[in-house]
Amino acid sequence: MEMKQIIQTEVTDNGPVRLPVDSESHTFDDWTISYTKSHILKSVCINDNKCVQGDAGCCELCVYNFALELPHLPDMVFHRNILTISHKNGARLEFNPIDALKLVRNEKLDLKVACSDEWKESRSSADTQEKVKPFDWSFTTEYKGTVNEGILVQATDQKIDMFKLMKREPILFYHDLTLFEDELHDHGISVLSVKVRVMPSGFFILQRFFLRVDHVLIRINDTRFHYEKGNDYLLREYTHREAKIEQLKRVPPALFTSPNEIAEHLPVVSKLTEKLILTPTAIDAAEATVEMSS
């Protein structure tokens, strides 16, 4: 396993500032699992709001604003927090904040989350006047990772064997990344995170979107990935769980702040299982590269 630390700099009024970016990689069979992580996306344009879309000098904040067109971003966007799973044949699975936020419904859809009226009723008009925006202010996303052309996605009835994953195995590699987080103006929390675990038998990934709107609802969108050694595919299971607070009267409120604990009490609204298959095109390309280098 290779561990390295990259140091980036950013020019400020006080001179260059060193910004540490952690980067770590682990090789497992024909796969490379790697991540980068760094500071939170700045909330102010460093070019005095003069950035031009597509320009090389466009700041990172404006890159996000141009790409997303949301009224505002989450409180904390970890724009350089990226988890990448790549195969030697060119197949690639990635988890990054910008692709996740692209799936948040914006004002162009003229839609609000289902609980927005109830949320407004639970707050005073003065309290919600500036807080409820004409878009999904909960930042709910159904993001399931980003795949390239080296992966073919197919629906399947095959399920992830959770009992197999519960077997005790040595942990060869583990990491947990937060992609974005918002405290909903102190009325709850919205957070997207992803964690990876590598064992001798394969690797497991859990991406979780957790939403708690105080006194209104709790929502969890889980996307699990499992690769078993020797397979030419990964299994992906997406599960949407949700319940209004009034449906959780028998659940201790202390569990509301613990995603792992409360998940067991939320009914499943929808579930989708898919195979992420390494495509022959990617395999052929990889073999051609090997031949050219030999």
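A cavity is a set of grid points where a 1.4 Å probe fits but cannot get out. In this predicted model, the count comes to 2 cavities of 30 Å³ or more. This briefing covers the second largest cavity, an open sheet of 8 strands, and the buried residue T84.

**The second largest cavity**

- The volume of the second largest cavity is about 40 Å³.
- Its lining is made up of Y35, L83, H175, D176, L177, V194, K195 and V196.
- Two elements, β9 (173–182) and β10 (188–199), each give two or more residues to this lining.
- Sorted by class, the lining residues of the second largest cavity are 5 nonpolar, 1 polar and 2 charged.

**The open sheet**

- Strands of a sheet pair through backbone hydrogen bonds, and the pairing is either parallel or antiparallel.
- Here the 8 strands follow the order β4-β9-β10-β11-β12-β13-β14-β8, and their pairing is antiparallel.
- The edges of the sheet are β4 (76–77) and β8 (151–155). Each of these has a single partner strand, so one side of β4 and one side of β8 are left without a neighbour in the sheet.
- The strands β9 and β10, which contribute to the cavity lining, follow β4 in the sheet order.

**Strand β14 and its partners**

- Strand β14 (residues 268–278) runs antiparallel to strand β13 (residues 233–244), and 9 bridges join the two.
- One of the residue pairs places R241 with V268, its bridge partner in β14.
- Another residue, R236, stands opposite E274 in β14.
- Strand β14 also pairs with β8, in the antiparallel sense, over 5 bridges.
- On that side, A155 stands opposite E274. E274 therefore has R236 opposite it as well as A155, in a sheet where β14 stands between β13 and β8 in the order.

**Residue T84**

- T84 belongs to strand β5, which spans residues 82–87.
- Is T84 buried or exposed? T84 is buried, because its relative accessible area is 8%, and buried means under 20%.
- Neighbours within four places in sequence aside, T84 is in contact with T32, I33 and S34, and also with R92, L93 and E94.

Terms used. Residues numbered from 1 in each chain as written. Predicted model: local features only at pLDDT ≥ 70, side-chain atom pairs only at ≥ 80, totals over all residues. Heavy atoms only, no water. Pairing = 2+ DSSP bridges. Helix = DSSP H or I, 4+ residues; strand = E, 2+ residues; numbered from the N terminus. 1 Å grid on protein atoms, 1.4 Å probe; cavity = no way out; pocket = protein on both sides within 12 Å on 5 of 7 lines; lining within 4 Å. Points joined across faces, edges and corners; volume = space filled by probe spheres on them. Nonpolar A, V, L, I, M, F, W, Y, C, P; charged D, E, K, R; others polar. Buried < 20%, exposed > 50% of the residue type's maximum accessible area, 1.4 Å probe, protein only. Contact = heavy atoms within 4.5 Å.
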